Amino acid sequence: MQKSPYNATVNGKILITPDLMVLRVRTDEPRNTFKAGQYTTIGCLAAEERSPNSVVNLEQPPPDYLITRPYSIASANHETQDFEFYISQVKSGQLTPRLFALSQGSRMWVDDKILGVFSLNDTPEGCNIVMVATGTGLAPYISFLRSHAREHTAIKLAVIHGAAHPWDLGYYSELSFIQSNFPNFYYFPTLLRADNNWNGLTGYIEEHLEAGILEKSGIDIDPEKTHFYLCGNPKMVDSVSKFLSKYNYEKHCTGKKGSLHIEEY
Ligand SMILES: Cc1cc2nc3c(=O)[nH]c(=O)nc-3n(C[C@H](O)[C@H](O)[C@H](O)COP(=O)(O)OP(=O)(O)OC[C@H]3O[C@@H](n4cnc5c(N)ncnc54)[C@H](O)[C@@H]3O)c2cc1C
């Protein structure tokens with residue numbers, strides 16, 4: 001019999017909506033320390049069941065095929081054996097319908113390696129940090145805030161989170177709590193499909209940037225003073241990058257330092 005590739009156990013699953021979840025996983029062995037903002041690769045066998053609300057995928061890998069995809073780590077960087085992921089289901093996808101069918105105690109696979117250059121704590125000292133996300137692109141910022149929020153009292157930190165409905169705003173309570181306890185932290189959730197019960201921001205992230213939402217909180221859009229992190233939907237990343245290029249923001253990538261840091265999903 002073939003040896004199971006599994007090396008981790010699901011120890012928590014919170015469904016925020018039928019297609020959005022927080023998944024907590026304990027690895028059999030601890031991983032190396034990592035930087036808040038990085039990602040790892042997780043997976044499960046094609047033999048695993050798909051969630052009941054997924055749609056049939058015509059591509060059928062063999063049952064012993066390990067389906068793997070990268071996910072940003074949402075948990076704090078001192079937790080090297082208990083990992084949290086914030087995952088949205090792609091109903092026709094290969095891995096996410098199987099992850100959504102897992103339950104407490106299910107076994108799965110987590111890579112030994114933790115990778116990525118999207119590392120928020122490398123921002124030059126004294127620079128404000130603006131974290132822009134759509135959907136599950138919020139995950140690396142949750143890791144950063146849980147790991148480092150207390151160390152950064154001398155700069156301003158802001159999270160701008162775009163989602164469709166109020167119920168898609170995962171971590172709303174946690175971010176609202178941080179905002180009410182840290183005077184240097186600003187949380188701007190904005191919705192594209194808000195109902196009448198929502199009295200917060202609506203519309204696209206770049207519209208709020210253009211309207212001066214950051215300047216009103218004392219955060220200058222200036223590469224010398226403020227670093228921007230963009231994570232999530234490529235369309236948001238593209239339009240916010242274009243907006244920031246007017247202010248001379250330059251993309252940070254391997255081998256080149258810049259004030260604009262990007263992770264696309
Ligand atoms: C560095 C990195 C970090 C990531 N972190 C996260 C994370 O924290 N949370 C998270 O939910 N995802 C994250 N992703 C995306 C993730 O790796 C998968 O691509 C995603 O979950 C879909 O996997 P799947 O196997 O279900 O779908 P697949 O079988 O890979 O894709 C099926 C189809 O859906 C499309 N598709 C792929 N992704 C999406 C999407 N997000 N929304 C809509 N359509 C899509 C594809 O174009 C494809 O046609 C990350 C990606 C990268 C590169």
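1. Overall make-up. The chain has five helices and twelve strands. Note that this is a predicted model.

2. Size and packing. The radius of gyration is 19 Å, and a compact globule of 265 residues would come near 18 Å, so the chain agrees with that expectation. The C-alpha trace spans about 60 × 45 × 35 Å along its principal axes. Of the 265 residues in the chain, 39% are buried.

3. Contact range. Take contacts between residues at least 6 apart in sequence. Of these, 73% join residues at least 24 apart. Two residues, Asn128 and Ala163, serve as local checks below.

4. Ligand site, location. The shell around the ligand draws residues from domain 1 (8-115) and from domain 2 (120-264), so the ligand lies between the two domains. Strand S4 (66-72) supplies at least two residues of this shell. Strand S5 (82-88) also supplies at least two.

5. Ligand site, composition. There are 19 residues around the ligand. Those that come nearest are Arg69, Gly93, Leu95, Thr96 and Thr136. By class, the shell holds ten nonpolar residues, seven polar ones and two charged ones.

6. Asn128. This residue belongs to strand S7, which covers residues 128-134. Asn128 counts as buried because 24 other C-beta atoms lie within 10 Å, and the cut-off for buried is 20 or more. Setting aside residues up to four places away in sequence, Asn128 touches Ile155, Lys156, Ile219, Lys225 and Thr226. Asn184 is 56 residues from Asn128 along the chain, and their C-alpha atoms are separated by 9.7 Å.

7. Ala163. This residue is in strand S8, residues 157-163. Ala163 is buried because it has 23 C-beta neighbours inside 10 Å. Beyond its neighbours within four places in sequence, Ala163 is in contact with Gly135, Asp168, Leu169, Pro189 and Leu191. Thr190 is 27 residues from Ala163 in sequence, with a C-alpha to C-alpha distance of 6.5 Å.

8. Points to carry forward. For the ligand, keep its place between domain 1 and domain 2 in view, along with Arg69, one of the residues that come nearest. For the strands, Asn128 in S7 is buried, and Ala163 in S8 is buried too.

Methods
Residues numbered from 1 in each chain as written. Predicted model: local features only at pLDDT ≥ 70, side-chain atom pairs only at ≥ 80, totals over all residues. Near = placed C-beta within 6 Å. Helix = DSSP H or I, 4+ residues; strand = E, 2+ residues; numbered from the N terminus. Nonpolar A, V, L, I, M, F, W, Y, C, P; charged D, E, K, R; others polar. Domains from an automatic or database assignment. Buried ≥ 20, exposed ≤ 12 C-beta atoms within 10 Å, placed from the backbone. Contact = placed C-beta atoms within 7 Å. Rg over C-alpha atoms; globule rule 2.2 N^0.38 Å.
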